[in-house]
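Welcome! Please have a look at the structure below, then work through the exercises at your own pace.

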Amino acid sequence: MIDLKYLLRNKEDVIKKLKTRNFDHSILDKIYELGDKRNTLIHQLEVLQAQRNKLSEEIGIKKRRNEDCSLLLEEVNKIKKDIEVINDEANEIIQLVDDFRSQIPNIPYDDVPVGKDEEDNICIGEYPNLGRGLVKNVLPHYEIATKLDIVDFTRAVKLAKSRFALYKNDGARLIRALENFMLDTHIKNGYKEIMPMHLVNSNMLYGTGQLPKFAEDLFKIENSDLWLIPTAEVPVTNFHYDEILDLENPIKYVAYTKCFRSEAGSGGKDTKGLIRQHEFHKVELVKFVNEENALDEWQKTVNDAKNILELLEIPYRELLLSTGDMGFGSAKTIDLELWIPSEQRYRETSSISIYKDFQAIRAKIRYRTKDGKTKYAYTINGSGLAIDRVVAAILENYQNKDGSITIPKVLIPYMQKEIIK
C-alpha cells in the first residue's frame with residue numbers, strides 16, 4: 001500500500017507513474033476527492049472544538065459564580081453530537097480511502113523500463129554457455145520422467161486433477177536433493193531458515209498484497225478464515241507482522257514450502273508437465289532492510305538466486321521487467337529464466353522484487369532510524385528457486401542419448417548417485 005501522505009502530496013507524479021503500469025487512475029481521483037472532503041470535515045471539527053472549549057470556559061466561570069448555565073450546557077451537548085457525527089463521517093472516509101488504496105499497485109522506481117507487457121522487458125544478461133549450453137533435440141521432461149518412472153502424472157490426476165504431479169523413486173529424491181542444496185547454499189550466504197505453515201489467515205495475505213485483489217488466484221479453506229499459501233513470501237514476510245525491527249543490518253530468511261495456486265486465467269497454458277501446477281515446491285528468500293540499503297540488498301538477492309543456477313550449470317537469462325509486467329506490489333523486479341530445450345526457450349524460475357515500504361505499510365512492519373524516528377521497513381523477496389521448473393530443466397538439459405539423466409555435480413552428494421536411469 002502506498003503511503004497516504006505521499007499520494008496526497010505528489011498527485012501529478014503518482015498519476016504519471018501509475019499510468020505506466022496500465023492502471024486506471026480514476027481510483028486516485030476518488031481518493032483526492034475524499035481527501036478534500038475529509039480536510040473540510042477536519043476544518044469543521046476544529047471550529048466546533050474551539051466553540052466547545054470556549055463555551056466550557058464560560059460554563060466554568062458561571063458555575064464559580066453560582067449562575068445558571070443550563071443554556072450553555074445544552075449548546076455544548078449539541079456541539080458534542082455534531083462532533084460525533086463529523087468524526088464518524090471522517091472515519092468512514094478513512095476506511096473508504098484505505099479500501100481504494102488497497103487496489104493501487106506500487107509506484108515503480110524511475111529506472112524501471114516503461115512498457116505495456118512482457119514484450120517490453122529488457123534482457124540485461126544471458127548465460128548460454130553454462131553446462132552443456134543451449135541443448136536441442138531431447139524428449140520433453142514429462143515424457144522422459146514417465147519413461148524413467150520418476151513422476152506419475154496419470155495417478156496425480158486420479159488423486160486430485162490436472163496440473164498436479166506425483167513424484168516417486170529418483171524423482172522424489174531429486175526434489176529433496178534440490179530443496180536441501182538450495183537451503184544449504186543460502187544459509188551459507190547468511191540467510192536464517194524458517195519452516196512456516198502452509199495455511200494463513202486473511203490478514204497475512206492482505207499484508208503481502210494478495211488480498212483483496214487476487215483472491216481468485218488462491219485456495220481458501222471452506223468455512224474458515226484460512227488460505228493455502230501461494231508462496232512462502234506470505235508467512236515469512238508476516239513473521240514480523242506489526243513489529244518494530246532493528247534494521248541496522250538486513251534481516252534475511254530462507255524457507256522451503258509447498259505452494260498452492262489456482263492458476264485462474266491461465267487457460268490452456270502449460271497443461272503438460274511441471275511448468276505450471278496447482279501445487280509446487282519452492283525455496284523463497286525474504287529480506288527486511290532499511291531504506292538506505294534497500295537497492296543494494298535487492299541486487300545481492302538477485303545474485304544469490306543466480307548463484308543457484310550457476311552452481312547447477314543450467315543456461316539462463318536475466319530480465320528487467322517493464323512497468324506493465326511487474327507484479328502488483330513490486331517497485332522493481334528481475335526475472336531469472338532457465339533454458340527449457342524441448343521448447344527452445346527460456347522459462348521463469350525466479351522473480352526477485354523490491355517492494356519499498358508497500359508491504360510493510362499493510363503489515364505494519366517498522367524500524368527505528370539512527371535518529372530514533374520510526375519508519376516502515378523495505379521488503380525484498382524472490383524464489384531461490386522454483387524447484388519443479390528446475391527439475392524440468394535438469395531432466396532436459398542433462399538428458400543423455402540412452403535416456404538416462406546425468407546428475408548435476410553439486411547434487412551428487414545429496415542424491416548419492418551420478419545417473420538417473
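Two strands pair if DSSP finds at least two bridges between them; helices (H or I, at least four residues) and strands (E, at least two) are DSSP runs, numbered from the N terminus. This is a predicted model, in which local features need pLDDT of at least 70, side-chain atom pairs count only at pLDDT 80 or more, and totals for chains, interfaces and linings use all residues. Residues are numbered from 1 along each chain as its sequence is written, and side-chain values use heavy atoms, with hydrogens and water left out.

**Exercise 1. Find the neighbours of strand β9 and place them in their sheet.**

Step 1: Begin with strand β8 (residues 251-260), which pairs with β9 in the antiparallel sense over ten bridges. Along this pairing, T257 faces K282 of β9, and K258 stands opposite H281 of β9.

Step 2: Now turn to strand β15 (residues 378-386), which runs antiparallel to β9 and is joined to it by seven bridges. Here F288 stands opposite T379 in β15.

Step 3: Put the strands in order. The open sheet has eight strands, β1-β10-β11-β12-β15-β9-β8-β4, with mixed pairing. β1 (122-127) and β4 (192-193) are at the edges with a single partner strand each, so one side of each has no neighbour in the sheet.

**Exercise 2. Decide how enclosed β9 and helix α2 are.**

Step 1: Use these classes: buried is under 20% relative accessible area, exposed is over 50%, and partly exposed is in between (1.4 Å probe, protein chains only).

Step 2: In β9 (residues 279-289), ten of the eleven residues are buried, so the strand is largely enclosed by the rest of the structure.

Step 3: In helix α2 (residues 11-19), the buried residues are V14, I15, K17 and L18. Their cover includes α1 (4-9) and α3 (26-64), where contact means heavy atoms within 4.5 Å.

**Exercise 3. Sort two cysteines by exposure and count the disulfides.**

Step 1: C259 has 0% relative accessibility and counts as buried.

Step 2: C123 has a relative accessible area of 39%, which makes this residue partly exposed.

Step 3: With a disulfide taken as a pair of cysteine sulfur atoms within 2.5 Å, the structure holds zero disulfides.
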